[in-house]
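This briefing sets out how helices and strands pack together in one protein model. The points below are grouped by topic and may be read alongside the sequence and the structure.

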Amino acid sequence: MAKMKKSSTRIDMTAMCDVSFLLLTFFVLTSTAKTPEVHPVDLPASTKETKIPSEDILTITVGQENVYVGLAGREDRIDVLRRMGQEYNIEFSEAELNAFAGMENFGVDIREMKSLLAKPAGERMDKDIHKGVPFKDSLNNQLSSWVRNARESSFIRKSTDEKKNFLKVAIKGDANEQFGTVKKVIDILQEQRQNRFYLVTGLRTDDF
């Protein structure tokens, strides 16, 4: 009886590798990197999903009775810091302005900003440095100054048709934060006639 010659089994994986790399490339290109935060908060849950603008937005993070400010857009950050420097008689160099342009959020006294910007880029986001923007003392309400300067900067740089939709404000509060702190932030906004703002929440299902 003749024996059949055995041949090795070979599976061509070329097509599978091509598909895998295509999928990997798609997810890398379409994903959005999470913005590093100087003070991450545990957001309250909500069933409603509303997209927050990615441009012309000032975000106020509230946590542990402190507030932290975030500004979208490099040019926006540069112009607003320059305005804050003029208000507080602090002259920022071009290098310092460019360094600040790379920080999407912060929580320091404006008088400590130069020392913060002098640190290496990898150390500027250290949460131990960011103790919060002063806002409780009416004589040193720097949060109000940041909001006002950001609004003025946005309004001046917008065209006539865009002025009606200039700077938006979002409040990102910790789920366990005392209401009094959030109420103080809202009062500061309302004093500047900023009566419309977003409240950032975390999405949950209805049966949560």
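Contact here means heavy atoms within 4.5 Å. The model is predicted. With contact defined in this way, D76, D79, V80, L81, R83, M84 and E87 of helix α2 meet Q142, S145, W146, R148, N149, A150, E152, S153, I156 and R157 of helix α5. The residues of this contact comprise 6 nonpolar, 4 polar and 7 charged.

**Helix α2 against helix α5**

- Helix α2 spans residues 74–87 and helix α5 spans residues 142–157; their axes come within 9 Å and cross at roughly 125°.
- Angles over 145 degrees count as roughly antiparallel and 65 to 115 as roughly perpendicular, with the intermediate range classed as oblique; α2 and α5 are therefore oblique to each other.
- The handedness of the crossing between α2 and α5 is right-handed.

**Helix α2 against helix α3**

- The axes of α2 and α3 come within 8 Å, with a crossing angle of roughly 130°.
- This angle makes α2 oblique to α3.
- α2 passes α3 in a right-handed crossing.
- On the α2 side, R74, R77, I78, L81 and R82 take part, and they meet E94, E96, L97, N98, F100 and A101 in α3.
- By residue class, the contact of α2 with α3 divides into 5 nonpolar, 1 polar and 5 charged.
- L81 of α2 appears in the contact with α5 and also in the contact with α3.

**Burial in helix α3**

- Helix α3 covers residues 94–101, and its buried residues are E96, L97, A99, F100 and A101.
- These buried residues pack against α2, β4, α4 (113–117) and α5.
- E96, located in helix α3, has a relative accessible area of 15% and is buried.
- Leaving aside residues up to four places away in sequence, E96 touches L81, E91, K114 and L117.

**The sheet and the helix across it**

- An open sheet is formed by 5 strands in the order β4-β3-β2-β5-β6, and its pairing is mixed.
- The edges are occupied by β4 (105–106) and β6 (198–199); each has a single partner strand, so one side of each is left without a neighbour in the sheet.
- Strand β3 (residues 66–71) runs antiparallel to β4, and 2 bridges join them.
- Within this pairing, V69 has F106 in β4 as its bridge partner.
- Helix α5 lies across β2 (57–63), β3 and β4, and runs at about 165° to β2.

**The loop residue A72**

- A72 lies in the loop that connects β3 and α2.
- The relative accessible area of A72 is 17%, and A72 is buried.
- Not counting residues up to four places away in sequence, A72 touches S54, E55, D56, I57 and R77.
- R77, one of the residues touched by A72, also belongs to the α2 side of the contact with α3.
- A72 and M103 are 31 residues apart in sequence, and their C-alpha atoms are 9.5 Å apart in space.

Conventions
Residues are numbered from 1 along each chain as its sequence is written. This is a predicted model: local features need pLDDT of at least 70, side-chain atom pairs count only at pLDDT 80 or more; totals for chains, interfaces and linings use all residues. Side-chain values use heavy atoms; hydrogens and water are left out. Axes are lines fitted to C-alpha atoms, for helices over the stretch in contact, and angles run from 0 to 180 degrees between N-to-C directions. Helices (H or I, at least four residues) and strands (E, at least two) are DSSP runs, numbered from the N terminus. Angles under 35 degrees count as roughly parallel, over 145 as roughly antiparallel, 65 to 115 as roughly perpendicular and the rest as oblique. A crossing is left-handed if the near helix is turned anticlockwise from the far one by less than a right angle, and right-handed if clockwise. Ala, Val, Leu, Ile, Met, Phe, Trp, Tyr, Cys and Pro count as nonpolar, Asp, Glu, Lys and Arg as charged, and the others, Gly among them, as polar. Two strands pair if DSSP finds at least two bridges between them. Buried means under 20% relative accessible area, exposed over 50%, partly exposed in between (1.4 Å probe, protein chains only).
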